Amino acid sequence: MSPEARWDVPAGGMSRRTFAIGAVGAAAMVGLGAVKVAGADPIVRPPGAQDEDAFIASCIHCERCREVCPQHAVKPARLESGLLNLRTPQMDFRSGWCDFCENEDGGPLCAAACPTNAFRLPAGAASENVRLGIALINRDWCLAFQAMGCHECVDACPYEAMGLHDDGTPYVVEDACNGCGACEHACISLSSGSLATGATDRAIVVVPESEVHHG
């Protein structure tokens, strides 16, 4: 199923028999560990959805935020992200990155389109005062750390949140990073053909702030 596919209920509604079968199946999958009730992996949310508890309580899975995103950077979470997260919006930086709709009147369109005000943005929300997450570099997968001279992520960053060490390897300026995903979107590690064994994702990814461990 494509990332943009909808989970529509047929026009005739769901019969009690179908509901019962689905409920039993879901319970069995949870019991087997195939589906987690909570999120399996932390999710990077669109602007204004960083208060996870408040957002989950308000989101009605309508997907309007996905539909209006001009960068096509929002997708509905799938089952592997957990039942509580299913069909809630998450950022998809492989498809695009978040420019916080800085060229649009009124700020992020995803927040404006939400019928339940699930996105809680500060007044004058923009890239300077909204943080989606923080970019992390996997040195084992990064081409620059394999002396291949790649710095696509640094070139792509619009907020001066990345730099290069003297040896040409990239680093993230954490205080300046707002998690826009431009670096992850630009990373070519998955398509270069020169990956480290076992690589399953791009060499730079944005994660929620809560997943960054200091010290």
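**View 1. Cys 69 and Cys 101 in the predicted model, two cysteines that are not bonded to each other.** The closest cysteine sulfur to that of Cys 69 belongs to Cys 101 and lies 6.4 Å away, which is too far for a bond. A disulfide is a covalent bond between the sulfur atoms of two cysteines. Because the pair would have to come within 2.5 Å to be counted as a disulfide, the separation of 6.4 Å leaves Cys 69 unpaired. Cys 69 is nevertheless a buried residue, its relative accessible area being 12%.

**View 2. Cys 180, a further cysteine that is in no disulfide.** The nearest cysteine sulfur to that of Cys 180 is the one in Cys 157, at 5.9 Å. With a relative accessibility of 6%, Cys 180 counts as buried, because the cut-off for that class is under 20% relative accessible area. A search extended to the whole structure returns zero disulfides.

**View 3. Gln 90 and its surroundings in strand β2.** The strand that holds Gln 90 covers residues 89-91. Gln 90 is buried, with a relative accessible area of 12%. When residues up to four places away in sequence are set aside, Gln 90 touches Ile 43, Val 44 and Pro 46, together with Ala 73, Val 74, Lys 75, Ala 77 and Ser 81.

**View 4. The largest nonpolar core, a set of 42 residues.** Within this core, the residues with the most contacts are Met 91, Phe 119, Leu 132, Met 162 and Ile 204. The elements that contribute two or more residues to this core are the helices α4 (109-113), α5 (152-156) and α6 (182-186), along with the strands β3 (134-137) and β6 (204-207). Strand β6 gives the most, with four residues.

**View 5. Ile 204 and its contacts.** Leaving out neighbours within four places in sequence, Ile 204 is in contact with Ala 135, Leu 136 and Ile 137, with Cys 153, Met 162 and Val 172, and with Cys 183, Glu 184 and Cys 187. One of these partners, Met 162, is listed with Ile 204 among the residues that have the most contacts inside the largest nonpolar core.

**View 6. The protein chain as the setting for the close-ups, with six helices and six strands.** Along the sequence, these elements follow the pattern α-α-α-β-β-α-β-α-β-β-α-β. Of the 215 residues in the protein chain, 40% are buried. Among contacts between residues at least 6 apart in sequence, 69% join residues at least 24 apart. The protein chain exposes about 12,000 Å², of which carbon and sulfur atoms supply 51%.

How values were computed
Residues are numbered from 1 along each chain as its sequence is written. This is a predicted model: local features need pLDDT of at least 70, side-chain atom pairs count only at pLDDT 80 or more; totals for chains, interfaces and linings use all residues. Side-chain values use heavy atoms; hydrogens and water are left out. Buried means under 20% relative accessible area, exposed over 50%, partly exposed in between (1.4 Å probe, protein chains only). Contact means heavy atoms within 4.5 Å. Accessible areas come from the Shrake-Rupley method with a 1.4 Å probe; for residues, only the protein chains shown count as cover. A nonpolar core is a set of buried Ala, Val, Leu, Ile, Met, Phe, Trp, Tyr and Cys residues joined through side-chain atoms within 4.5 Å.
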